[in-house]
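Trainee: Please take me through one sheet and the helices around it, step by step.

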Amino acid sequence: MYDVTSIREDFPVLKDVIYLDSAATTQTPVQVVAAMNDYFYRFAGNYGRGAHRLARETTNHYEESREKVASFLNADHSKIIFTKNTTEGINMVAKGMEWHAGDHIITTLIEHHSNFIPWLNLKRYGIFVDVIEPDSRGIIDPVDIEGAINDNTRLIAISHVSNVFGSIQDIESIIRIAHRNDIQVLVDGAQSAGHMTVDLSALNCDFFATSGHKGLLGPQGTGVMYIKDPDDLEPVYLGGGTVHGVGIDSFELEPFPGRFEAGTPNIPGVIGLGRSIEYIQDIGIKNIEKHENELTEYAISRLSEIPMVEIYGPDNRAGVIPFSISGMNSHDVAMIMDETKRICVRSGYHCAMPAIEFLKLDGAVRASFGLYNTVKEVDIFADAVGQITSLVS
Ligand SMILES: Cc1ncc(COP(=O)(O)O)c(C=O)c1O
């Protein structure tokens, strides 16, 4: 049975607030903090460098985290790179692919800026970028993607779950279409990993980027990048850890994944991330998904009863609910929620200006759920929204 009461004991901050902003960053369980403390207090050394006991123990823990992440995402561990976040992973692809003027990229209007600006930036090298519009619920039709493909299309970059709409894209179909046309696919998994099953072997995408600090419950400053074929990318950063042979005028790159992890990484963070993966697996990703889905459905049913509230996004969605209250600025709504009920929700553009403008808004309020939220919290939240609407009616 899903025991949310005992889960909440692992997140002390939840005693003080109603935290409905897990799409921005999740809270971190005490077990993960303890694993990081353990590194600092018991065996801190550098990773992959040195023969002494601390360096060896650190390296073992770091590599164990890689194994845990890989097994959780059903990928070969040698294809998993630790980054600092989703944004860094996506930029590794934008800067590491061998582009030629005239190449063509397809992305969508509802991407987070992190999966949008890196592609727009390539336009100055003569690369064309097509931006596909969603339907009114934030769903991208794979047929529209297929229609935008031309002979020069090299990459399709799309988020698995929209951080604005909560919509879950049909990435399976999009990947099939892309591969039929010899096009690579980058999936931005910032809002999917840790909230739903992600099976990278079944998905067969070429690149998958996610953050440790969102659904994966790890610390900020950690990210995961899956690269199917190391030969597809040049490493963006070079230095310690990326080479195994250096002469006075040449060097030889490490095999995968070392060549993509330059310099001393976020060792405590990666060790914490390994522990957070274990934490999720102990509860079970399917159980987490079910719990978050139930809360989301309930929250939508409560919000839908409130006049003056408009909810965006599809019926079948991840735990992300954007809404607006007519006549009210989203930041004001968020501030009132915090000041009156200690409810933390996101407001504004959610780092996705084109998506919010598509909704003809200058900001939206967003409630997003994690494995630790409760029905009671949803009730307090919905009651608070109702009370706020009475201020303007
Ligand atoms: C869909 C999506 N992509 C990318 C990002 C960027 O994540 P990070 O800031 O961890 O790099 C976010 C963050 O909210 C996101 O929701």
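Trainee: How many bridges join strand 14 to strand 15, and which residue of strand 15 is the bridge partner of G348?

Mentor: This is a predicted model, in which local features need pLDDT of at least 70, side-chain atom pairs count only at pLDDT 80 or more, and totals for chains, interfaces and linings use all residues. Residues are numbered from 1 along each chain as its sequence is written, and side-chain values use heavy atoms, with hydrogens and water left out. Strand 14 and strand 15 (residues 364-368) run antiparallel and are joined by three bridges, where strands (E, at least two residues) and helices (H or I, at least four) are DSSP runs numbered from the N terminus, and pairing requires at least two DSSP bridges. Within strand 15, the bridge partner of G348 is A364.

Trainee: Which strands stand at the edges of the sheet?

Mentor: The open sheet has four strands in the order 11-12-15-14, with antiparallel pairing. Two of them have a single partner strand each, so one side of each is left without a neighbour in the sheet; these are strand 11 (309-311) and strand 14 (346-348).

Trainee: At what angle do helix 10 and helix 13 pack?

Mentor: Helix 13 (residues 375-392) lies across strand 11, strand 12 and strand 15. Its partner here is helix 10 (residues 285-304), and their axes, 10 Å apart, are lines fitted to C-alpha atoms over the stretch in contact (heavy atoms within 4.5 Å), with angles from 0 to 180 degrees between N-to-C directions. The two helices are therefore roughly parallel (under 35 degrees), packing at an angle of about 25 degrees.

Note on methods: Angles under 35 degrees count as roughly parallel, over 145 as roughly antiparallel, 65 to 115 as roughly perpendicular and the rest as oblique.
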